[in-house]
Amino acid sequence: KHRYFSYLCPQMYKNAIDMKKSLFLLLSLLTSMTIMAQSDYTDPDTGIKYQYITDNEGTRATLVDGKSFPEREVVIPSTIPVAGGVDVTAIGEGAFKDNSSIRYLKIEENVKTIGKDAFSNNSNLQLLDLPNSLESIGTNAFGGCGRLTHVRCAKNTPQEFILKKFPNSLNNNNYATLYVPSSEAKSAYSLVTDWNNIFGNRIYVGDMNYFTKDGTTYVGASVDKKATLLSGANSIETPGKITVKNKVERVLDENNKEDYDVVCIGSYAFENNNTNPFVSFNTLEIQNGIETICNRAFYNWTNLNSLTLPTSLISIGESAFQNCAQLELLTLPASLRTIGINAFVGCSNLKHVWCKVQKAEDILIVCDASNNKYSFPPATANPMMTLYAPKEDYVNDTWKTFFGARIFIGDMLTDDV
């Protein structure tokens with residue numbers, strides 16, 4: 001019959017055969033095809049939106065929109081409370097793009113992917129806690145997060161894909177700090193050149209704990225018990241004076257407390273601005289134990305005229321004391337090793353600087369006339385500024401840029417000495 005039919009109606013026969021093949025392919029496709037159902041969920045407490053799907057691989061959720069989230073702290077949960085509990089495995093493209101409220105971001109386990117532009121332009125994001133489950137980060141996911149300086153990686157071994165997605169601002173010049181789960185992890189991260197170049201000796205063991213004490217916010221490593229002061233309060237114990245203390249107590253509950261050593265004052269921590277004004281303060285004491293004063297930490301303290309730096313201090317960041325126009329006397333401790341760009345530029349009344357560092361070569365200062373980058377105001381801007389130094393090696397071209405011929409060997413004697 002088939003041969004007779006094909007002989008009489010060859011085109012009809014060919015069409016029938018083609019239809020049979022198409023039906024077979026369609027049936028095969030339907031057999032292997034995933035049956036997918038998609039639903040939406042909005043967290044009633046946060047307003048964050050999710051989509052979750054069910055297919056032959058199970059049910060999983062993607063966080064799709066948190067752009068309007070208004071709080072400083074956000075935790076991406078491991079599950080959402082629908083259908084008996086659905087794992088959150090992804091953060092979608094642009095999910096939190098341009099959110100300027102978030103300071104602290106914690107991503108819990110189960111999240112595997114962070115989409116393109118997910119947190120781009122989160123301009124106030126400072127702390128990022130990444131889970132062990134993370135497998136990929138999209139392009140520009142953290143682009144424009146210029147204040148991001150604290151990162152916790154739950155993985156015990158360093159992952160290159162994470163490092164490549166950090167913003168350029170996360171670098172050694174911005175005093176970036178890393179938190180890892182164990183001493184073995186600390187060794188592993190320290191041995192990788194790219195990670196070490198960014199974080200240096202600021203790799204701590206433990207969870208990244210974010211907490212507030214007396215209006216001041218801190219972040220500390222739960223095992224090493226080292227803390228950074230993130231944001232200072234302008235409440236006072238003594239009128240006109242702020243004391244940055246070298247220890248802080250974290251209260252867990254009525255019966256449990258933890259003590260942390262404060263080793264760092266973070267970027268922008270006490271910056272004088274309209275949101276958090278410090279214009280009324282003229283006296284600043286930083287207790288011994290503090291090792292680092294980060295970028296713009298005391299920027300624009302226009303009435304500061306008395307400054308006590310700790311003998312433990314190692315580094316002063318960019319613009320840390322820029323525009324402290326009333327500051328006249330400055331003592332740099334022997335422990336100091338670096339002073340960043342513009343650290344004391346704009347200190348137009350600065351007249352006497354006593355540097356106790358024993359050798360000029362032991363302290364790195366910025367003196368780049370071709371690009372107009374300096375640590376101190378140049379002598380042309382502040383011709384009466386005088387340096388008191390321990391040895392003759394300070395009489396060199398670099399220090400002369402700032403102090404001209406007014407470099408004297410010996411201690412600076414004041415009424416208090």
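A residue is called buried when its relative accessible area is under 20%. By this criterion, both members of one charged pair in the present predicted model, Arg 250 and Glu 258, are buried. Their side chains meet in a salt bridge, with an N to O distance of 3.3 Å.

This pair sits in a wider picture of charge pairing, as a search of the whole structure finds 12 salt bridges. Another of these pairings brings together the side chains of Arg 152 and Asp 207, at 3.2 Å from N to O. Arg 152 belongs to strand β11 (residues 150-153), while Asp 207 is found in the loop between β13 (203-205) and β14 (208-213), so the salt bridge ties together parts that are 55 residues apart in sequence. The two partners differ in their surroundings: Arg 152 counts as buried because its relative accessibility, 12%, falls under the 20% limit, whereas Asp 207 is partly exposed, with a relative accessible area of 40%.

A further salt bridge joins Glu 285 to Lys 241, and here the closest N and O atoms are 3.1 Å apart. This pair, too, links distant parts of the chain, with Glu 285 in strand β20 (residues 283-286) and Lys 241 in strand β17 (residues 241-244), 44 residues apart. Glu 285 is partly exposed at 27% relative accessibility, and Lys 241 is likewise partly exposed, at 26%. Happily for anyone tracing charge pairings, some of them connect: salt bridges that share partners join Lys 106, Asp 129, Arg 152 and Asp 207 into one network.

Charge also gathers on the surface. Glu 361, Asp 362, Glu 392 and Asp 393 form a patch of negative charge there. One of these residues, Asp 393, lies in the loop between β29 (386-389) and α6 (397-403). With a relative accessibility of 33%, Asp 393 counts as partly exposed, because this value lies between the 20% and 50% limits.

Attention can now turn to a nonpolar residue. Ile 80 lies in strand β5, which spans residues 79-80. Ile 80 has a relative accessible area of 2% and is therefore buried, the limit being 20%. Leaving aside residues up to four places away in sequence, Ile 80 touches Tyr 41, Tyr 50, Tyr 52, Ala 61, Gly 85, Val 86 and Val 88. As for Thr 42, its C-alpha lies 9.5 Å from that of Ile 80, although the two residues are 38 residues apart in sequence.

Terms used: Residues numbered from 1 in each chain as written. Predicted model: local features only at pLDDT ≥ 70, side-chain atom pairs only at ≥ 80, totals over all residues. Heavy atoms only, no water. Helix = DSSP H or I, 4+ residues; strand = E, 2+ residues; numbered from the N terminus. Buried < 20%, exposed > 50% of the residue type's maximum accessible area, 1.4 Å probe, protein only. Contact = heavy atoms within 4.5 Å. Patch = residues over 30% accessible without salt bridge, like charges linked within 9 Å, V, L, I, M, F, W, Y side chains within 5 Å. Areas by Shrake-Rupley, 256 points an atom, 1.4 Å probe, with all protein chains shown as cover. Salt bridge = Lys/Arg side-chain N within 4 Å of Asp/Glu carboxyl O. Lys, Arg positive; Asp, Glu negative; His and termini not counted. Charge placed at Lys NZ, Arg CZ, Asp CG, Glu CD.
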